[in-house]
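Visitor: Got a minute to walk me through this one? I'd like to start with what the words mean.
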Amino acid sequence: VPSEAPTAEEKEEKDSAEVHLLFHFLQVLTACFGSFAHGGNDVSNAIGPLVALWLIYQQGGVTQEAATPVWLLFYGGVGICTGLWVWGRRVIQTMGKDLTPITPSSGFTIELASAFTVVIASNIGLPVSTTHCKVGSVVAVGWIRSRKAVDWRLFRNIFVAWFVTVPVAGLFSAAIMALLMYICGLFSSSR
């Protein structure tokens, strides 16, 4: 693993004009497929706990036959769109230029492979992260092109962030719950 980020010359790769034209169009199609996979998978992953809470509130329990309310799906879709609007440009910059540059032909491969993986996983009921699949595809394509084309330090930072996010979110949630329980205890003891 190189200790320094690759230079622009080491990362540079261009498609020929004919390849660029063909895959430029095809990448639009695979991007649509990727958006479908991303929306279908990540909306359900994000609102799954909320749907369970709603069904417990509505029905007193969670049943497999209960349908997810459309307004909760819409809420999840709006949340993902808001996240893309706020952070999308930064994520695209990081994955498409900083991690490894992407040409239309490599972008086609990345989109197709990651979307296919997500759709298969979703259909068999395996909760996967679309972002993990895309980053894995980007790194694999960059690595196959040239080991020097991938910024391994940036990939390491992304990888570490994935592991830090879960315990930090858990600790943050526990702290909020403890605070709420303390506040509720104050109100109940004052009565």
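Guide: Sure: contact means heavy atoms within 4.5 Å. Helices are DSSP runs (H or I, at least four residues), numbered from the N terminus. This is a predicted model, where local features need pLDDT of at least 70, side-chain atom pairs count only at pLDDT 80 or more, and totals for chains, interfaces and linings use all residues. Residues are numbered from 1 along each chain as its sequence is written, and side-chain values use heavy atoms, with hydrogens and water left out.

Visitor: What covers the buried residues of helix 5?
Guide: The cover includes helix 2 (17-59), helix 3 (70-99), helix 4 (104-123) and helix 6 (152-189). Buried means under 20% relative accessible area, with a 1.4 Å probe and protein chains only. Among the buried residues of helix 5 are Cys133, Lys134 and Gly142.

Visitor: And which residue caps its N-terminal end?
Guide: Serine 129 does, with a side-chain oxygen 3.3 Å from the backbone nitrogen of threonine 131.

Visitor: Cool. Which helix gives the most to the largest nonpolar core?
Guide: That core has 11 residues, including Met95, Ile110, Val138 and Trp152. Helix 3, helix 5 and helix 6 each supply at least two of its residues, and helix 5 gives the most, with 4. A nonpolar core is a set of buried Ala, Val, Leu, Ile, Met, Phe, Trp, Tyr and Cys residues joined through side-chain atoms within 4.5 Å.

Visitor: Switching topic: is serine 105 buried or exposed?
Guide: Serine 105 counts as buried, because its relative accessibility is 18%. Its place is in helix 4.

Visitor: What is serine 105 in contact with?
Guide: Leaving aside neighbours within four places in sequence, Asp15, Val19 and Phe23.

Methods: Buried < 20%, exposed > 50% of the residue type's maximum accessible area, 1.4 Å probe, protein only. Polar contact = N/O pair within 3.5 Å; in protein donor to acceptor, adjacent residues only side chain to side chain.
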